[in-house]
Amino acid sequence: MSQKKFKTVVLGCRTNQYEGQAFKDQLEALGYSQASNGEEADICIVNTCTVTASADSHSRHEIRQLVKRNPNAKIIVTGCYAEREPDAIRAIDGVTDVVSNSEKENLVAYLFPEESVPEFSIKNFDAHTRAFVKVQDGCNSFCTYCIIPYVRGRSHSRPIADILEEVHDLVASGYKEIVLTGINIGDFDGGVAKGEKPHTLAELVRLVDEVPG
């Protein structure tokens, strides 16, 4: 039996890029391999962007191209454009499902309910010499011109212990430069919403800098 294949398309910010790598790591742990150019996939995941009208258009284009080139695949769409216009995406022929940002980390588990899916984190960052690590998501500012708080939700941070574990894994994989990323990284608080002790971004940077390697 041939190995199952997947494709991920990531549009937009560094946070989306981190999430795309997490999808990839989860699928590979389940025995899937990344489809090469011109090779049809069994599962396609699109992580969309909606910060501009051009980003919306690009997201729709990429979805349609995946449907055309992978007619037998499950096409799963998530991300900020999917959060803002889920019905418009569901109306595209060939789309299997739309997953909200709030459920994004459970997307692969949703596809494989009978499998033991690894946690949503990364150990590598393919095709990069430095690795992005997501430490925060969402925004509380609600600026008049910006849609991000409505599609990413309120600010929430990862616990420091989880971040440091991921950084250790990346350093062990040979990465010498770690880029901390988020939607509004200045709001980092160490995971207070998850019951963690408050921490500042400065504390996190100091602890990451102390990781050997």
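Two strands are said to pair if DSSP finds at least two bridges between them, and with that in mind you can begin the tour of this predicted model at one such pair.

**First stop: a pair of strands.** Select strand E3, residues 43-48, together with strand E4, residues 74-79, and you will see two strands that run in the parallel sense and are joined over six bridges. Now pick out Ile 43 and look across to E4, where Lys 74 stands opposite.

**Second stop: the whole sheet.** Widen the selection to the five strands of the open sheet, whose order is E2-E1-E3-E4-E5 and whose pairing is parallel. Which strands stand at the edges? They are strand E2 (33-34) and strand E5 (97-98), and because each has a single partner strand, one side of each is left without a neighbour in the sheet.

**Third stop: helices on the sheet.** Add helix H1 (14-29), which packs on the sheet and touches strand E1 (5-10), E2, E3 and E4, while its direction makes about 175 degrees with that of E1. Then add helix H2, residues 53-69, which also packs on the sheet, here touching E1, E3 and E4, and whose direction makes about 175 degrees with that of E3.

**Fourth stop: two domains.** Colour residues 5-111 as domain 1 and residues 130-210 as domain 2, following the domain assignment of the protein chain. The C-alpha centres of domain 1 and domain 2 lie 23 Å apart, and if you show the contacts between them, 14 residues of domain 1 meet 15 residues of domain 2.

**Last stop: the largest pocket.** Turn to the largest pocket, which holds about 500 Å³ of space. Its lining consists of 23 residues, and those closest to the pocket centre, which you can select by number, are Glu 105, Lys 134, His 156, Arg 158 and Lys 194. Among the elements that give two or more residues to this lining are helix H1, which you have already met, helix H6 (148-152) and helix H7 (160-172). Colour the lining by class and you should find five nonpolar, six polar and twelve charged residues. From which domains does the lining draw at least three residues? Both domain 1 and domain 2 contribute at least three residues each to the lining of this pocket.

Methods. Residues numbered from 1 in each chain as written. Predicted model: local features only at pLDDT ≥ 70, side-chain atom pairs only at ≥ 80, totals over all residues. Heavy atoms only, no water. 1 Å grid on protein atoms, 1.4 Å probe; cavity = no way out; pocket = protein on both sides within 12 Å on 5 of 7 lines; lining within 4 Å. Points joined across faces, edges and corners; volume = space filled by probe spheres on them. Helix = DSSP H or I, 4+ residues; strand = E, 2+ residues; numbered from the N terminus. Nonpolar A, V, L, I, M, F, W, Y, C, P; charged D, E, K, R; others polar. Domains from an automatic or database assignment. Contact = heavy atoms within 4.5 Å. Axes fitted to C-alpha atoms, helices over the stretch in contact; angles between N-to-C directions.
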